[in-house]
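Trainee: I have a model open and want to check how I read it. Can we go through it together?

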Amino acid sequence: MAPPQGRRSLGPVSPKRIYRSLSLKLRGGASHSEAEPTDWRRRLSRGPAEYSSLWDALENEDTLGVQHLLSRERAADGRVNSVSELGLVPLDVAALTHNAPLLQVLVKAGAKHNPTLSSASDWSLKLEELVSLAEQKVEEWRAELLLREKAELQPQTDTQKNVDLWTRRLELYQSMRERFNTTARPGPPAGAALLVTGDSCLCVRVTEDPAQTHGLVTRYRVEWSSLSSFHPLCGTGFITDTRNPEFSITGLQTGVQYYVRVSAYNVRGWGSFVSSSPPCVAPSSWSSCCGVTLRHKNPAAAVRRISQEIREPALSESRVSVRRVCVSRGLKQLFHSRVVRVLQRGVYLVSVFSQKDSVLVTAGDHLPLVEIQSCSTSVSQDFLWLCKLSCAWTQVPQLLQVLSSSSFSSSSSLLQNRLSFLRAVAQLQASVGCVDLGQLYFEPLKDRQGNVLLVTLREVTTPLTPADPPLHWLPVSSLERNQSETPLLPEPSAVEQLTHRLKEMLAYHRRSQQMAQPGLYVGVLKLCSSVDQLRILVPQKLPNMPCHSRVRNRSHVSREEWAWLQEHAVGGAFGAREGGDEAVIDSSGVQDFVKALRSAVTHLLTKLSVPLERASEYRVYTQELLQVGDQVSVILLLPPCEEFRSRQRPAEGAQHTFTVPLHCFELVHLWVYEQDLLSQYCQLWLRLELDVRLSQQALREALDTEELQEATERLAHVTQLAQSLSALWSESRWLMDVIHTLRSKNSEGAVPLGRVMTSRPPIRSAADEATPTALHPAEQTQTEVTGSEVSTPVEVTEVTGGVTCPESPPRTTPTASSRRLPSSARVRSC
């Protein structure tokens with residue numbers, strides 16, 4: 001134990017001393033060594049909890065004490081706007097002492113200005129009255145203290161406290177009067193930027209000159225009108241948060257020009273106005289431009305309406321009894337199943353629950369693993385179905401009940417596989433005591449022994465109590481140490497691969513669930529094709545978005561900004577004159593947008609190591625602005641179509657990127673930014689897909705006329721609903737439309753990037769005008785599978801992407817175009 005002397009040496013850094021130092025710094029006061037050593041100043045050494053009232057802390061100008069008192073009681077609006085016995089409100093103290101930190105604390109708590117004192121003359125009279133009152137009180141209490149000392153009366157403590165109190169108030173009121181007399185009416189703000197943030201709203205951002213000496217500005221007034229004379233006014237608003245002076249003007253008419261001006265206020269009154277920059281703008285949106293694609297406004301509600309049209313099939317008594325027997329048999333088989341410990345050439349489902357640096361394991365320190373019975377080792381046809389099931393885990397009991405009662409008499413291997421998957425999922429849900437097993441990893445893990453692992457990942461923030469007592473939490477590092485490789489095998493098994501890549505997979509899952517910061521981005525859609533699938537290049541830090549770079553914090557794009565992009569098509573308005581584009585930029589007020597866009601494009605292509613000669617061949621997708629969620633939008637760049645057909649991995653020189661299957665990227669992307677839509681769609685899709693197959697089976701097994709008519713009507717009904725869902729889903733997706741434009745040279749909806757960056761038409765050779773070559777087989781398969789057309793009722797099962805096994809494609813020999821990229825930076829495949 002440390003000696004007492006060592007403990008006493010901690011006195012100079014005690015919490016009270018630290019608090020006192022910070023309090024003095026926040027209010028701009030002097031240290032104790034520089035201040036007058038009066039008795040009342042020693043009260044500053046108290047902690048914030050020792051103040052008797054809010055005014056006690058205000059009179060000490062103690063910002064930390066005021067913040068503590070206001071945060072201790074959430075319902076502090078009454079106290080922060082209470083009027084003292086002298087006619088002041090808390091905001092008056094901060095404004096008249098020019099205490100900016102105290103002003104911010106009070107404004108954040110909801111403080112308002114004094115309702116009775118507004119003019120400069122009123123304040124002058126009030127401050128003179130306060131100083132006179134304080135001088136009178138100080139003299140009275142000092143006289144009484146002197147009388148008590150002469151008469152040797154006890155106690156004198158209360159009298160001394162009153163002397164200290166009014167002495168402190170006198171100094172405070174004198175300081176307030178002095179600051180008021182030296183304060184001038186504020187001048188106009190340094191600037192007021194006017195931005196278009198919607199088709200009916202604008203945003204005003206005020207900037208103040210940091211060298212202004214007019215006094216502490218406590219609020220701003222914003223006025224707007226449709227006329228430059230501002231008569232009549234369309235509206236007035238006030239900005240009270242001077243640290244972030246921004247005001248949103250809503251409820252405006254689309255396409256109408258509005259003028260805006262701003263003035264500042266301090267204790268001397270309102271200053272002169274400054275016009276916004278630009279002086280006027282019209283609320284607009286990119287969607288009002290011609291030739292753009294507009295998506296369904298509320299697709300989730302439309303999906304719910306389709307789900308309400310499903311009719312449950314009428315079952316006879318014999319079928320009901322068969323269902324009960326089959327359900328009992330399925331539940332009995334479920335409860336007798338056990339968690340697998342040793343793999344024996346099959347397909348297995350493993351669930352990884354992570355909490356900080358630990359994962360949920362069994363009693364033998366293995367991840368929960370169950371075998372999918374009666375399933376072939378080729379899981380290509382069921383992998384996408386399982387991806388959609390991972391977005392609708394709550395549908396497992398219902399689907400399991402329907403399949404258990406129907407598939408035993410069916411010879412369909414697909415329905416048998418689906419039943420095996422559902423039983424494995426139900427077993428894992430019962431073992432961990434949680435219905436939500438997380439998201440499916442984008443590719444299975446395979447080994448030379450024929451084992452396949454399908455991995456689900458979920459990160460839990462609250463403690464999870466497993467239903468199976470042997471399950472417990474184990475650090476990932478301990479799991480890696482306990483993993484022993486089999487020396488006789490030439491390559492690691494699937495379980496060993498999972499253990500070795502567990503940290504990487506958890507990092508991918510954690511990053512894929514994060515949302516991008518609000519703002520406007522420029523992204524690039526770089527794809528590569530293999531024999532059986534398409535893959536997309538994504539960044540490691542945010543794999544639910546294409547490779548991107550931020551343009552600005554505001555996600556909205558106005559009509560003028562989007563029209564400027566559209567006018568850069570070959571043969572457009574600026575093809576015949578050089579330098580005309582810059583003149584249009586100045587006249588249309590899109591200078592900041594163009595400058596930020598060009599800077600972001602340069603940063604993105606440099607980060608991806610795209611050569612300069614290839615960058616000029618890129619195109620800007622102008623068919624639509626990708627609105628990702630409510631606060632994120634993306635302007636897409638499209639690489640040359642030859643790069644898409646080259647059968648090589650994209651951007652071999654790009655760092656911190658990797659590729660994922662296209663359909664898995666779309667599911668992850670929608671799960672983060674459109675979770676309600678994707679969840680509703682997957683639930684309905686799973687139900688309709690099963691109804692279509694069971695209706696076809698019932699039609700094949702119909703014996704009499706009544707059963708045949710019932711099965712025919714049921715099949716027609718569910719097929720119509722499936723086609724409606726497919727059409728709605730195709731309309732809600734942006735990825736397939738972008739790919740259609742990407743693989744076509746002459747399609748509309750894209751402008752050359754070279755013209756956007758330099759305002760000059762790019763140099764086009766005769767080879768560039770040639771007819772596009774034939775599609776690659778993987779691209780053609782992807783297009784056929786992911787298209788919106790449904791030729792048969794069963795094809796509705798593949799409306800979100802190709803049913804392909806997302807294994808990593810083999811590396812190919814670099815072509816001539818890829819050798820131009822730096823060899824030190826290659827894409828790392830996940």
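Mentor: Here are some questions on cores, a sheet, a loop residue and a helix pair. This is a predicted model, where local features need pLDDT of at least 70, side-chain atom pairs count only at pLDDT 80 or more, and totals for chains, interfaces and linings use all residues. Residues are numbered from 1 along each chain as its sequence is written, and side-chain values use heavy atoms, with hydrogens and water left out.

Trainee: Which residues have the most contacts inside the largest nonpolar core?

Mentor: A nonpolar core is a set of buried Ala, Val, Leu, Ile, Met, Phe, Trp, Tyr and Cys residues joined through side-chain atoms within 4.5 Å. Buried means under 20% relative accessible area, exposed over 50%, partly exposed in between (1.4 Å probe, protein chains only). The largest core here has 112 residues, and those with the most contacts inside it are L389, L454 and V455.

Trainee: What does L389 touch, not counting residues up to four places away in sequence?

Mentor: Contact means heavy atoms within 4.5 Å. By that test, L389 touches V396, L399, L422, V425 and L686.

Trainee: Which strands stand at the edges of the open sheet of β17, β18 and β23?

Mentor: Strands (E, at least two residues) and helices (H or I, at least four) are DSSP runs, numbered from the N terminus. Two strands pair if DSSP finds at least two bridges between them. The order is β17-β18-β23, with antiparallel pairing. Each edge strand has a single partner, so one side is left without a neighbour in the sheet: these are β17 (527-529) and β23 (657-661).

Trainee: Is T622 buried or exposed?

Mentor: T622 sits in the loop between β20 (619-621) and β21 (626-628). Beyond four places in sequence, its contacts include V292, W562 and G749. Its relative accessibility is 6%, so T622 counts as buried.

Trainee: How do α18 and α20 pack: roughly parallel, roughly perpendicular or oblique?

Mentor: Axes are lines fitted to C-alpha atoms, for helices over the stretch in contact, and angles run from 0 to 180 degrees between N-to-C directions. Angles under 35 degrees count as roughly parallel, over 145 as roughly antiparallel, 65 to 115 as roughly perpendicular and the rest as oblique. Helix α18 (residues 559-566) and helix α20 (residues 591-607) pack at about 55 degrees, with their axes 10 Å apart. That makes α18 to α20 oblique.

Trainee: Which residues of α18 make the contact with α20?

Mentor: On the α20 side, the contact uses F593, V594, L597 and R598. On the α18 side, the residues are E561, W564 and L565.
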